[in-house]
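Student: I am new to this structure and would like a close look at a single part. Please take one helix and go through it in order.

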Amino acid sequence: MEAIRKNADVMRASNLLNDTFVSIALEDVEACQHVLRTILDTDDLKVITVKGQYRLLNLTSKDSILDIFAQDSQGRLMNVEIQRRDTIDHAKRTRYYGAMLDKSSLDKGLDYEHLPDVYIIYISETDLWQAGKTIYKVEKALGSGKSAIPYDDGSHVIYVNAEIDDGSEVAKLMSYFRSADPDDMSHGALSKRIRYLKREKGGYDLMSAEAEKLYNLGVEFGKEQGVEEGIEKGIEQGIAQGIEQGIEQGIEQGIALSEEKKAKEVTEAIIRLLRLGKLTIQEIAECQGVPETRVSKIKAEMPQEA
């Protein structure tokens, strides 16, 4: 319980560039709607459903967990992602999330025209593209220059960063993302949500419940990883032991075969010497390095010559 309480306190102290905290904050429909309206610069967008830490399952490849997944009244799908690391391929990551949303949104048997528009809103702490802009919209076209033809496939990628302040409404929103100040009520429904989570008992209870859920997920994940590692180590040990035993058995079989071959060759040599009739049993035994009893036994078992 102490660990859960500490996790809850850490989350409450976080800003909106923390993917766990933003997932909880924007699960509120109106707070999410405020963020999307500001970034997309539209006042009539109406969010009808929103889910934080939304898992997109894939049976044949890597699952995806979206920080925020939302759908508006026009059926458009929106994914808000928070990214603080600079070490990954951001363009390919947004491509992958868009593909996963497409795959999950088109029911079997439907034509491609039923694919909804998808918006990937990628929020970073720093200016990933180093061009001094708060917001970057990926524009698609056939060709370039004046002859370029707009290409609209319904997929939209928007990069937003909290580093550049260009004086826009989006920059002001990103400044609020950095602070998540519960006393700053300048961002309407989003500010109300942050104040609730950081200052009110209901918000504290919600954060504690979320911290407990994350704690339990961590425990389960740890168990799964432990089992997987145990199985892998068991397999590795089994393979190593199998190889070792195989080598030992191979050596033993090789020795046995070698000894059997040698014994056969000695027996054949004794038979030849006995048939020559020039040496005594004692002399043949000394010559072949075997007991006289063995030579005598071979002689007794030899077929009598006609």
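Tutor: In this predicted model, Arg199 has a relative accessibility of 46%, so Arg199 counts as partly exposed. Arg199 forms a salt bridge with Asp183, with the closest N and O atoms 2.8 Å apart. This pair links distant parts of the chain, since Arg199 is in helix α6 and Asp183 is in the loop between α5 and α6, 16 residues apart.

Asp183 has a second partner: the side chains of Arg195 and Asp183 also meet in a salt bridge, at 3.2 Å from N to O. Arg195 lies in helix α6 and Asp183 in the loop between α5 (169–179) and α6, so this pair ties together parts that are 12 residues apart in sequence. Asp183, Arg195 and Arg199 are thus linked in a network of salt bridges. With 31% relative accessibility, Arg195 counts as partly exposed, and Asp183, at 47%, counts as partly exposed too.

The spacing along the helix can be read with a general rule. An α-helix has 3.6 residues a turn, so residues three or four places apart point the same way.

Other residues of α6 are covered: Ala189, Leu190, Ser191, Arg193, Ile194, Leu197 and Lys198 are buried.

The length of the helix can be checked as well. Helix α6 covers residues 188–199, which is 12 residues, and at 1.5 Å a residue they should span 16 Å. The end C-alpha atoms of α6 are 16 Å apart, which agrees with that expected span.

Definitions and conventions
Residues are numbered from 1 along each chain as its sequence is written. This is a predicted model: local features need pLDDT of at least 70, side-chain atom pairs count only at pLDDT 80 or more; totals for chains, interfaces and linings use all residues. Side-chain values use heavy atoms; hydrogens and water are left out. Helices (H or I, at least four residues) and strands (E, at least two) are DSSP runs, numbered from the N terminus. The expected span of a helix is 1.5 Å times one less than its number of residues. Buried means under 20% relative accessible area, exposed over 50%, partly exposed in between (1.4 Å probe, protein chains only). A salt bridge is a side-chain nitrogen of Lys or Arg within 4 Å of a carboxyl oxygen of Asp or Glu.
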